[in-house]
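Work through the exercises below with the sequence and the structure side by side, and try each task before reading its solution.

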Amino acid sequence: MIAKEVEAPKWTNYLERSLENILSTKLTSSTAFGKVLAYNGQVIEASSLPGVVGSLCTISLDNGEFVRGEIVSVKEHRVDILPYEGNLDVRVGDTVFLTETQQEVRVGSGLLGRVIDGLGAPLDGMGPLELSERKGLNGDRINPFNRKPINKVIDVGIRNINALLTLGRGQRVGIIAGSGVGKSVLLSMITKSTDADVVVVSLIGERGRELTSFTQGILSSHSKDKVVVIAVPADRSPLLRIQGAKRATSIAEYFRDQGKNVLLITDSLTRVAHAQRELGLALGEQPTSRGYPPSVISLLSNLIERSGTSDYNAGSITAIYTILADGDDTTSDPVVDTARAILDGHIVLSRDLAQQSIYPAIDVNQSVSRLMNDIVEPMYQKNAQILRRYISKYYENRDLVLMGGYVQGQDPDLDKALALWPEITKFLQQDENEICRFDSSQKQLKELLGA
């Protein structure tokens with residue numbers, strides 16, 4: 001129903017702090033409203049509102065506070081609303097206002113060098129954001145046949161990625177790793193070393209301490225003026241975590257539409273999947289694959305497909321998604337398996353290499369870039385294949401060699417691998433503050449092989 005001569009509620013200091021950058025619609029005499037019918041601690045059930053799934057609502061509480069939420073389900077005579085915060089004093093009869101039917105993200109160059117939360121509010125204490133443009137939260141679909149081909153290399157500043165797993169501008173790749181193998185350090189190195197015009201980093205579901213240290217490290221580097229950080233820690237609601245990932249993608253799309261080469265880093269895709277699982281189960285979805293409801297796979301596919309090249313300008317979004325492998329299971333985990341199928345390549349981090357203090361701990365033979373052969377010269381392809389073969393030979397026969405069961409001369413490739421192994425190990429390692437450009441990476445690989 002439509003409110004008659006209802007005065008717009010006055011925002012409290014609480015709302016002004018947390019939502020000042022997203023409140024684009026004020027409550028007026030024409031604002032639709034309903035009433036709270038039930039609240040189970042997670043989902044608010046309200047009387048019917050003229051909104052769609054994704055519409056924003058504001059609930060006026062008896063204690064004078066206002067809380068924001070999102071419509072997640074529309075039924076015949078009621079809607080289900082998931083609030084952005086938990087532990088709320090929601091009561092039956094509280095007023096629910098429909099404040100925005102189509103969610104949009106405020107975007108602009110003012111985001112560069114800033115840290116925001118999942119709702120777009122600044123977290124860095126640098127004052128309000130001055131943003132005049134808007135972008136849809138869920139993006140616009142692009143005809144895949146109209147996307148421009150990927151034919152240029154993106155330099156990430158990491159030697160063995162540039163040389164052995166070369167990435168292209170517009171490629172989507174996953175970093176698959178268990179916990180504690182150097183994933184965050186690798187992302188920090190890439191963020192500070194890449195030659196992308198803009199870097200959008202979304203930190204979803206991470207520990208608060210790690211968010212702080214990661215962000216401070218980036219913003220104190222020379223790359224700070226081209227980086228946007230969206231941070232949603234693990235203690236925030238699942239809806240906010242999903243919002244953070246979508247907002248980061250929308251911001252990347254905005255800069256791509258400006259003709260920029262954007263690097264989008266999402267850490268981690270698994271936490272986004274966990275958030276959607278929480279949301280789906282709260283709404284009654286049935287878990288079908290190791291506890292994940294079908295909506296998880298749909299969300300991941302939609303999120304990933306929004307990145308890539310554009311259809312009408314030279315801009316691109318190169319996307320790097322981290323994927324947590326529970327128990328170091330890099331093959332059968334549903335999120336890992338789904339990401340492998342959708343992405344244009346994957347980089348696997350090895351706990352064995354990390355235990356040998358080889359960082360970044362990239363397992364070269366378990367990793368692949370599906371576009372490398374399309375964007376590098378045949379000579380570079382050949383050198384990468386040779387080094388991969390040497391690494392594979394070494395690990396396949398390491399135990400035999402250590403036991404003294406191998407006689408030199410039986411396998412020329414293994415002999416070469418054993419002779420070069422100290423240099424190979426040195427090639428694979430890289431200091432956190434070292435930057436190795438693409439041309440330098442290829443040159444060092446050529447010198448290593450004596451080509």
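The exercises that follow go from confidence in this predicted model to its cores, its helix pairs and a few single residues.

**Exercise 1. Decide where the predicted coordinates can be read in detail.**

Begin with the chain as a whole, which averages a pLDDT of 87, with 93% of the residues scoring at least 70. Then look for a weak stretch: over residues 1-30 the pLDDT stays under 50, although the model has 54 contacts beyond four places in sequence for these residues. Where pLDDT is low, the predicted coordinates should not be read in detail. The solution is therefore to leave the details of such a stretch aside.

**Exercise 2. Describe the largest nonpolar core and find which helix gives the largest share of it.**

The first step is to find its best-connected members: among the 58 residues of the largest nonpolar core, Ile161, Leu164, Ile190, Leu387 and Ile424 touch the most other members. The second step is to ask for the helix, and the largest share, 7 residues, comes from helix α11, which covers residues 378-402. Apart from this core lies another one of 53 residues, including Val262, Val272, Val335 and Val348. As a third step, take Ile190 as an example; leaving out residues up to four places away in sequence, Ile190 touches Val156, Ile158, Ile161, Leu263, Ile265 and Ile320.

**Exercise 3. Determine whether helix α3 is enclosed or open.**

Count the buried residues of helix α3 (residues 183-193), using the cut-off of under 20% relative accessible area. They are Lys183, Ser184, Leu186, Leu187, Ser188, Met189, Ile190, Thr191, Lys192 and Ser193. Since 10 of the 11 residues are buried, α3 is largely enclosed by the rest of the structure.

**Exercise 4. Classify the packing of α5 with α6, and of α11 with α13.**

Two packed helices are described by the angle between their axes and the distance between the axes. For helix α5 (residues 238-257) and helix α6 (residues 269-282), the angle is about 135° and the axes are 8 Å apart, which makes α5 oblique to α6. The contact involves Pro238, Leu239, Arg241, Ile242 and Ala245 of α5, together with Arg271, Val272, Ala275, Gln276, Glu278 and Leu279 of α6. As for handedness, α5 passes α6 in a left-handed crossing.

For the second pair, the axes of α11 and helix α13 (residues 438-449) come within 10 Å and cross at roughly 55°, and therefore α11 and α13 are oblique to each other. Their crossing is left-handed. Among the residues that meet are Tyr380, Leu387 and Tyr390 in α11 and Phe438, Leu445 and Leu449 in α13.

**Exercise 5. Place Asp155, Gln444 and Arg68, and say whether each is buried, partly exposed or exposed.**

Asp155 sits in the loop between β10 and α2, and because its relative accessibility is 7%, Asp155 counts as buried. Beyond four places in sequence, Asp155 touches Asn162, Ser193, Thr194, Asp195, Cys436, Arg437 and Phe438.

Gln444 belongs to helix α13, and with a relative accessible area of 27% Gln444 is partly exposed. Gln444 is in contact with Arg159, Phe427 and Cys436, when neighbours within four places in sequence are left aside. Although Gln444 and Arg159 are 285 residues apart along the chain, their C-alpha atoms are separated by 8.7 Å.

Arg68 lies in strand β4 (residues 66-74), and at 5% relative accessibility Arg68 counts as buried. Arg68 and Val156 are 88 residues apart in sequence, and 39 Å apart in space from C-alpha to C-alpha.

Technical notes
Residues are numbered from 1 along each chain as its sequence is written. This is a predicted model: local features need pLDDT of at least 70, side-chain atom pairs count only at pLDDT 80 or more; totals for chains, interfaces and linings use all residues. Side-chain values use heavy atoms; hydrogens and water are left out. A nonpolar core is a set of buried Ala, Val, Leu, Ile, Met, Phe, Trp, Tyr and Cys residues joined through side-chain atoms within 4.5 Å. Buried means under 20% relative accessible area, exposed over 50%, partly exposed in between (1.4 Å probe, protein chains only). Helices (H or I, at least four residues) and strands (E, at least two) are DSSP runs, numbered from the N terminus. Contact means heavy atoms within 4.5 Å. pLDDT is the predictor's confidence in each residue, from 0 to 100. Axes are lines fitted to C-alpha atoms, for helices over the stretch in contact, and angles run from 0 to 180 degrees between N-to-C directions. Angles under 35 degrees count as roughly parallel, over 145 as roughly antiparallel, 65 to 115 as roughly perpendicular and the rest as oblique. A crossing is left-handed if the near helix is turned anticlockwise from the far one by less than a right angle, and right-handed if clockwise.
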